[in-house]
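Colleague: I am new to this structure and would like a close look at one part of it. Please start with the strand pairing and then carry on to what surrounds it.

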Amino acid sequence: MTTRTNGSNGYKNGLSSSINTTAVQFQEIPPEARLVRELRTHYDRDFQVTPAYKASLPDMQNTSDNRGSAVPIQHVGIHNFKIPMRVVTRDGGTQQVQCSVTGSVSLDAHKKGINMSRIMRTFYEYDESDLTPQTLQNVVTSYLENLESSSARIAIAFDYPLIQGSLRSGLSGYQYYPVVLETTVTPDEGLRQVMHLDFVYSSACPCSYELSVHANLTRGVAAVPHSQRSVSKISVVYDGDFWIEDLVDIGRFCLQTETQVMVKREDEQAFAELNAANLKFVEDAVRLLYEGLDADPRISDFRVFASHKESLHSH
């Protein structure tokens with residue numbers, strides 16, 4: 001047994017440590033005594049964590065040394081960890097997708113922090129489950145229990161592939177839809193399920209179309225109305241059996257001019273005709289989607305954000 005006291009090679013304030021070849025005695029080291037010297041630059045692959053060693057590890061999340069204002073925090077967690085999962089499709093099958101996961105819980109004012117690893121470890125308890133609303137409900141319920149919080153949120157982002165047929169050539173290909181499935185639970189609102197979808201389409205400007213026709217008829221001058229790639233970000237709060245395919249169908253039906261996957265000359269001509277038959281300002285797109293979403297009884301609330309990336313304007 002060796003004992004080190006004050007000195008150039010020892011611990012400050014006479015702290016002693018007892019070491020032999022068969023056992024290690026762990027004791028709490030006061031902050032004023034933390035002077036470490038002569039560290040070994042060596043990684044011990046054979047080191048085994050014993051219960052006693054694990055109990056000696058500092059746990060900063062459970063301290064009361066909070067900094068700043070003593071206020072609660074709405075969301076604390078992990079963003080963008082990756083995992084493959086199976087999404088249940090509307091026809092009863094499954095589709096493998098690569099998911100990006102965000103998990104968070106609320107934090108009370110008197111608590112310093114959460115155990116971040118529990119966010120991921122809890123989610124991995126369900127990694128073999130199909131990705132369904134029930135699975136997400138189970139995850140947020142487990143978050144509440146495992147992290148002792150009053151609110152929890154899980155959001156799963158992925159690209160969802162669906163077959164899209166061409167307009168006239170008879171070809172088909174996969175269209176990938178950015179989707180986020182979000183489930184939250186709070187004391188005020190209880191359980192809430194939200195589906196987010198980015199729907200990409202073409203918008204031909206009604207004003208530019210009429211001006212082009214005017215130039216054609218009055219001056220015999222060829223003119224082309226401007227159109228552009230556009231996107232509607234649709235978020236719906238839903239109940240019951242509501243599928244990703246259902247929301248895609250609403251976008252397709254309301255807007256009509258979804259961008260195409262497989263295109264030959266006859267398809268390109270058809271797309272030009274389709275745009276001329278469905279001219280729309282950005283305001284029109286929002287109102288068309290409102291009409292379609294409001295008609296579905298499974299949707300209790302929704303939000304639509306539409307953006308037409310104008311080819312005419314530089315802003």
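Modeller: Happily; what follows starts with the whole chain, goes on to the strands, and ends with the aromatic pairs and a pocket.

This is a predicted model, in which local features need pLDDT of at least 70 and side-chain atom pairs count only at pLDDT 80 or more, while totals for chains, interfaces and linings use all residues. Residues are numbered from 1 along each chain as its sequence is written, and side-chain values use heavy atoms, with hydrogens and water left out.

The chain has seven helices and seven strands. Both kinds of element are DSSP runs numbered from the N terminus: helices are H or I with at least four residues, and strands are E with at least two. Read from the N terminus, their order is α-β-β-α-α-β-β-β-α-β-α-α-α-β. The chain has 315 residues, and 34% of them count as buried. Here buried means under 20% relative accessible area, exposed means over 50%, and partly exposed is in between, with a 1.4 Å probe and protein chains only. Among contacts with a separation of 6 or more, 65% are between residues 24 or more positions apart; a contact means heavy atoms within 4.5 Å.

Now to the strand pairing, where two strands pair if DSSP finds at least two bridges between them. Strand β3 (residues 152-165) runs antiparallel to strand β4 (residues 172-186), and 14 bridges join the two. One example is D159, whose bridge partner in β4 is P178. The hairpin of β3 and β4 has six residues between the strands, and there G170 takes a positive phi near 85°. On its other pairing, β4 meets strand β5 (residues 190-204), again in the antiparallel sense, over eight bridges. E182 has V194 as its bridge partner in β5. This time the hairpin that joins β4 to β5 passes through three residues.

Earlier in the chain come two more strands to look at. Strand β1 (residues 73-88) holds N80, a residue other than glycine with a positive phi, near 75°. N80 has a relative accessible area of 37%, so it is partly exposed. Strand β2 (residues 94-107) contains S106, which is buried because its relative accessible area is 9%. Leaving out residues up to four places away in sequence, S106 touches I73, Q74, S149, S150 and S151.

The loops deserve a visit too. S69 lies in the loop between α1 (51-56) and β1, and with 63% relative accessibility it counts as exposed. Although S69 and A109 are 40 residues apart along the chain, their C-alpha atoms are separated by 8.5 Å. Further on, the loop between α5 (244-255) and α6 (265-277) holds Q256. Q256 is another residue other than glycine with a positive phi, near 70°, and at a relative accessible area of 34% it is partly exposed.

Next, the aromatic rings: a search of the whole structure finds seven aromatic pairs. Rings of Phe, Tyr and Trp (its six-membered ring) pair if their centres lie within 6.5 Å; planes under 30 degrees apart are stacked, over 60 edge-to-face, and the rest tilted. One of the pairs is F47 with Y53, edge-to-face at 5.0 Å centre to centre and 75° between the planes. F47 is partly exposed at 44% relative accessibility, and Y53 is partly exposed at 28%. Y290 and F302 have ring centres 5.1 Å apart and planes at 75°, so this pair is edge-to-face. The pair of Y290, in helix α7 (residues 282-294), and F302, in strand β7 (residues 299-308), links distant parts of the chain, 12 residues apart.

Last comes the second largest pocket, with a volume of about 480 Å³. A pocket is an open set of points on a 1 Å grid over the protein atoms alone, where a 1.4 Å probe fits, with protein on both sides within 12 Å along at least five of seven lines; lining residues have an atom within 4 Å of a point. Grid points are joined across faces, edges and corners, and the volume is the space filled by probe spheres set on the points. This pocket is lined by 21 residues, and D59, Q61, N62, N115 and R118 lie nearest its centre. Its lining has five nonpolar, nine polar and seven charged residues. Ala, Val, Leu, Ile, Met, Phe, Trp, Tyr, Cys and Pro count as nonpolar, Asp, Glu, Lys and Arg as charged, and the others, Gly among them, as polar.
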